Protein chains: 4
Amino acid sequence: MIKTCIIGASGYAGAELSALVHRHSQFELAALYVSTNSADAGKSLGTIHPQFFNTIDLPLLPIDEDNLSALSESFDLIFLATPHEASHKWMNELCGKKAVIMDLSGAFRIKDKHKFAEYYGFEHHADKLLADAVYGLADWHQEQISNANLVAVPGCYPTASLTALKPLQQNALIDSTHFPIINAVSGVSGAGRKASLNSSFTEVSLQAYGVLGHRHQPEIADYLGTDVIFTPHLGNFKRGILATITVKTAANVSEQQITDAFQQAYQGNPIVRLRNSWPKIDDVAGTPYCDLFWKLDPKTGYLVVVSAIDNLLKGAASQAIQCANLRFGFESHMGLVN
Amino acid sequence: MIKTCIIGASGYAGAELSALVHRHSQFELAALYVSTNSADAGKSLGTIHPQFFNTIDLPLLPIDEDNLSALSESFDLIFLATPHEASHKWMNELCGKKAVIMDLSGAFRIKDKHKFAEYYGFEHHADKLLADAVYGLADWHQEQISNANLVAVPGCYPTASLTALKPLQQNALIDSTHFPIINAVSGVSGAGRKASLNSSFTEVSLQAYGVLGHRHQPEIADYLGTDVIFTPHLGNFKRGILATITVKTAANVSEQQITDAFQQAYQGNPIVRLRNSWPKIDDVAGTPYCDLFWKLDPKTGYLVVVSAIDNLLKGAASQAIQCANLRFGFESHMGLVN
Amino acid sequence: MIKTCIIGASGYAGAELSALVHRHSQFELAALYVSTNSADAGKSLGTIHPQFFNTIDLPLLPIDEDNLSALSESFDLIFLATPHEASHKWMNELCGKKAVIMDLSGAFRIKDKHKFAEYYGFEHHADKLLADAVYGLADWHQEQISNANLVAVPGCYPTASLTALKPLQQNALIDSTHFPIINAVSGVSGAGRKASLNSSFTEVSLQAYGVLGHRHQPEIADYLGTDVIFTPHLGNFKRGILATITVKTAANVSEQQITDAFQQAYQGNPIVRLRNSWPKIDDVAGTPYCDLFWKLDPKTGYLVVVSAIDNLLKGAASQAIQCANLRFGFESHMGLVN
Amino acid sequence: MIKTCIIGASGYAGAELSALVHRHSQFELAALYVSTNSADAGKSLGTIHPQFFNTIDLPLLPIDEDNLSALSESFDLIFLATPHEASHKWMNELCGKKAVIMDLSGAFRIKDKHKFAEYYGFEHHADKLLADAVYGLADWHQEQISNANLVAVPGCYPTASLTALKPLQQNALIDSTHFPIINAVSGVSGAGRKASLNSSFTEVSLQAYGVLGHRHQPEIADYLGTDVIFTPHLGNFKRGILATITVKTAANVSEQQITDAFQQAYQGNPIVRLRNSWPKIDDVAGTPYCDLFWKLDPKTGYLVVVSAIDNLLKGAASQAIQCANLRFGFESHMGLVN
């Protein structure tokens, strides 16, 4: 059994990770941690997330910088479901010891330090780790992930977007003079578990935000290899992302070429499902799947692709499990699909 | 025109009051105030509540204890949509001047100081005002309200409950050995406009709270004249209250007696609607109505009454307007129903 | 008073129309009609839409082809909130008599009969009326509407889209080699008041539909004067539309030019509100407004415009009232904004 | 492996059963059936319930009376997630063969034929089977269930209510002169998967229904052993039931006696969770648990108990699995909790 802990288990992604590790046949959920500053330190997981009451009811142990190094020696696998700043600050202590690190924060996703500072609001000081970190887009970077000691698990919007766009980009099916237009709607859990007027029940109502300036835009562009227009929205539901992507295809691209590109990329992959109808959020909520469906207008060459994921699972926790599976030599979907 | 201001206009009830005063033919919406401590001071109403953008877009002027007295001399009518503590602390400065005060907080509803301290967590120091304050249950206390200078507008749950129960109690139709059982579900706006984990979109899900200890229980009991069991719940909707009330009727009470009691109480009242089917929240959301429907089981003598209101309107702002109408000699429903 | 009736008053748009006509100072709500086939015939409006119980509680009179002609002689103004087929079939009897007709269906919006048949599934047989009908985009076609006897009130998606795009198109700010990309999410009331598995509470979840083939696409293109990609979605809310529109601007277009275009189009118009933040559905739900906000990325020349309306009001009933106001010589927003 | 089929797999409870049987280590999901009349006959489960696309994607085979008998010989275990009328009509053919039958309909729950006809609207003609059927309240009737060949799995409201009330009734803690008052709110999935105006998204809003006449009232009373007042409500959420139960306790009942009664009934039972805070719907949605919490007012002797379940799982499918587990000699929670 691979001895595993989760740091930042009190948040929504941390809670999902706890459940996935708990039911995984090869990973042992050995401990849960939260920052010593957290109001949740000392409570049990089931107190904060009552769906786990009496079942995955481990205590949330306090952790700070002083015990990180020892921690990293005593576990095989550490999931970090922590704020960007915490992951950035703690990574030097955590890396290079025994444990493999799966970081669900944004601290190690953008390789360009200038761009990082622009979008995250603080300077990156871990050059070597930033260079070495592998981007954990599990259905595309299997080989790199299987050798990584630090995996930067992708954000929720990039996962939905890249899964839809990479087959097209890899096959040169996108007209390079038109940016792909990504419109995505996320459930409120994407904002994290915290008190905030913006995410209060009475205030939430479908709304665009971060327009032309969201930090997931460069992440998508970097790993896609071309620029995009990305407009995120907050939706009035708890979990899930629906991304509707409009692409001008390159000259003379046929429906068959598009179908071939998707099938070649995902045939036999139990996680990415090539649907036969437009996916809705509820088709994937609570699941590790990314559902895709598309339609081409042959007259104009415009293509619409819809991608649906659970933001807390395929957009966070279950993709982190895929990465951990790959790193430890298991099938990517182990413990996720049966 | 009756010169009117609203103190505490940044909250949900304050916003509704602004709209109602704005469209009232006899009240002039002259100014909006918030506490100097409020982060909203200096902003416009339309910035905080964008439904009013460009329309009722008055500034939220800062107010503190020093200018209360002058304020009360310069307005005819002041609505207080403030926290209990603020209403309690400020009332001495506000009362006894020119303005009539409509207080939407709980500071002057419970006459017994010991009970007040038990349920509100602080001592009441305004004995005279507390004794003189009139409870603004507008469909029942018309005469007292029309002579009051300080009206304690009822809470949302008590309004829904008392409107349903008072006709029964007044006609001695309730078996005095069984407490009426009130189960009520409120929309999240009842918790006010504030950042709080409990009212965040991701956390809200139908749940009981304040069981056997909510401060609206003594308010209901006092103004009904008999004890009740009151169990409030938070529901996953923005506004409205549905109260389902189970009553053991006194011996031999007939359906006709119950119907007579309700008709006698509310016939011709355009605000309380005696329905012919079970009301739902959406029937009254955004309206000043209290909808009632009931059914008696003649075999067992148990009666179920359902009462539905908009918690921010009949449970706050529109009832305050009813009170102001009565005080200034207008019909109770002026500006509310046309 | 202008004697007014509504045909099709049992649906959601019909109900909204009833409320707006009822409170309008110059229109008299004289009668409500439904098809003789309707299960609602003979019921009262308040039975079907209990928010109107006891208030706008007119009977829903049955109507069929035989009495249309007489009807049109006895009213000054008729609103048709009927299915496309009914409007198409009945219009010959209704037009050319005394009444001005406001048709909220899609029967007279698309001028090209071939395109109409393609998108509506039946042949158009009223050539003359189709040619004469005026498209009721109230904030743009004031003059034509003020002389029309048959107004085809626009669909909800086209209203949201055209209000956002026409100022750009009129000022040649759109790059003609890139289609504007419209992603819009509608509340479920857009599907009408009917039993359907797709719009049942348990099935609704954010989902695209009608992709690259929705009948509002040609309507938008025709009245905009350029082609668009339009992707509608069903959202898990009752009312409202949020349209997020991505436009590649023409070379060297500046922010100022865009602002000027919107201000020139809508300055002083109380219905179209140029916001200073991203509108959300709840800002316009229950209102006659169209809220707009936008952002340009000067580096890439892409512009994102968000447009929000209430689909039943600005997207149906309140825009029909605007048209009626214009036709009878009143200010466009009379009875809508005060 | 126990060869298992599900009849009525196209509905919501049938879909949940499919998932539970699929992942159960001892049950083999061998076939899914729907009525030959069903529009879903011939489709795959994943077409109708896309969460199962590509995973539990069995065809929905048509079944009618002619092949029931053969069916019952070829399976070990049959789940019936069918309408009451179908279960009633088909049971003679199904019973007495090889298969054990778990009936999720209401056809075999009420033993009194007169009461059955009153509440179900048709006469019961299977006297012997009705007498022999065992009521599948899994946490209470283990022994009977383990010997049954026909189990009438309880309704969702009775499961929530009886789990809360039986420990009190068994220990004589309820004042027999006051009926327990059950107020319960169910998610819309309780109404089944079908087109209906009442369960359309636009119409659903918290509302009481079936007041003093719902067919689950006699079911609760029969298996509790005392009469109750039961008021069901439809809530604006997809799944889950929250039952708030008010009980007048017998004279001098202490908090400790109540706690003892619940602990004695459920200590060590992983399905019924005695919580330390008020459960909400989301704590149990998607789970097999019944969560209980309570509070006594020692001054008045009134007790409030809240019970929360997932109506499709503990209120249908997972309780049916518990029954099947018991019948085949496994632990009640096998395949449900790990």
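**Exercise 1. Compare the contact of chain A with chain C and that of chain A with chain B.**

*Solution.*

Step 1. Chain A and chain C bury about 3200 Å² between them, and carbon and sulfur atoms account for 61% of it. These values come from a predicted model. On the side of chain A, the residues that lose the most area to chain C are A:Leu206, A:Leu212 and A:Lys280, together 18% of what that side buries. The contact takes 34 residues from chain A and 34 residues from chain C.

Step 2. Turn to the charged and polar pairs. Two salt bridges are found across the interface of chain A and chain C. A:Lys280 pairs with C:Glu203 in a salt bridge, with the closest N and O atoms 3.5 Å apart. The interface of chain A and chain C also has 20 residue pairs in polar contact. Elements of chain A that give two or more residues to this side include β10 (229-234), β11 (241-248) and β14 (302-309).

Step 3. Do the same for chain B. Here 18 residues of chain A are in contact with 18 residues of chain B. The buried area is about 1700 Å², with 63% from carbon and sulfur atoms. A:Phe201, A:Thr202 and A:Lys238 supply 44% of the area that chain A buries against chain B, more than any other three residues. Between chain A and chain B the count is zero salt bridges, while 10 residue pairs are in polar contact.

**Exercise 2. Which residues does C:Thr231 touch, and is C:Thr231 buried or exposed?**

*Solution.*

Step 1. C:Thr231 is placed in strand β10 (residues 229-234) of chain C.

Step 2. Its relative accessibility is 0%, so C:Thr231 counts as buried; the cut-off for buried is under 20%.

Step 3. Setting aside residues up to four places away in sequence, C:Thr231 touches A:Thr244 and A:Val304 from chain A, together with C:Ile182, C:Asn183, C:Ala184, C:Ala208 and C:Val211 from chain C.

**Exercise 3. Describe the surroundings of the residue that UniProt lists as "active site" in chain A.**

*Solution.*

Step 1. The UniProt record, an unreviewed entry, lists A:Cys156 for this feature.

Step 2. A:Cys156 is found in helix α8 (residues 156-170) of chain A.

Step 3. With a relative accessible area of 13%, A:Cys156 is buried. Beyond its neighbours within four places in sequence, A:Cys156 is in contact with A:His216, A:Ile241, A:Ile309, A:Asn311 and A:Gly315.

**Exercise 4. Which residues of helix α5 of chain D are buried, and which are exposed on the other side?**

*Solution.*

Step 1. In α5 (residues 113-120) of chain D, the buried residues are D:Phe116, D:Ala117 and D:Tyr120. They lie on the same side of α5(D) because they cover an arc of only 95° around the axis.

Step 2. Recall the helix geometry: with 3.6 residues a turn, residues three or four places apart in an α-helix point the same way.

Step 3. D:His114 and D:Glu118 are exposed on the other side of α5(D). The buried residues pack against α4 (84-94) and α9 (216-224) of chain D.

Step 4. Look at the ends. D:Asp112 caps the N-terminal end of α5(D), with a side-chain oxygen 2.8 Å from the backbone nitrogen of D:His114. Just after α5(D), D:Gly121 takes a positive phi of about 80°.

**Exercise 5. Locate the salt bridges A:Arg193 to A:Asp40 and B:Lys89 to B:Glu65 in their chains.**

*Solution.*

Step 1. The side chains of A:Arg193 and A:Asp40 meet in a salt bridge at 3.0 Å, N to O. A:Arg193 lies in the loop between β8 and β9 of chain A, and A:Asp40 in the loop between β2 (27-35) and α2 (45-48), so the pair ties together parts that are 153 residues apart in sequence.

Step 2. Check accessibility. A:Arg193 is partly exposed at 21%, whereas A:Asp40 counts as buried at 10%.

Step 3. The salt bridge between B:Lys89 and B:Glu65 has an N to O distance of 3.5 Å. B:Lys89 is in helix α4 (residues 84-94) of chain B and B:Glu65 in the loop between β3 (60-63) and α3, 24 residues apart.

Step 4. B:Lys89 counts as exposed at 52% relative accessibility, and B:Glu65 is partly exposed at 41%.

Notes:
Residues are numbered from 1 along each chain as its sequence is written. Chains are lettered from A and ligands numbered from 1 in the order in which they are written. This is a predicted model: local features need pLDDT of at least 70, side-chain atom pairs count only at pLDDT 80 or more; totals for chains, interfaces and linings use all residues. Side-chain values use heavy atoms; hydrogens and water are left out. Buried means under 20% relative accessible area, exposed over 50%, partly exposed in between (1.4 Å probe, protein chains only). Helices (H or I, at least four residues) and strands (E, at least two) are DSSP runs, numbered from the N terminus. The arc is that of the directions from the helix axis to the C-beta atoms. Contact means heavy atoms within 4.5 Å. A polar contact is a pair of N or O atoms within 3.5 Å; within protein, one must be able to donate a hydrogen and the other to accept it, and residues adjacent in sequence count only if both atoms are side-chain atoms. Buried area is the accessible area (1.4 Å probe) that two parts lose on being put together, summed over both. A salt bridge is a side-chain nitrogen of Lys or Arg within 4 Å of a carboxyl oxygen of Asp or Glu. UniProt positions are given in the numbering used here, feature names are shortened, and annotations may be inferred rather than shown by experiment.
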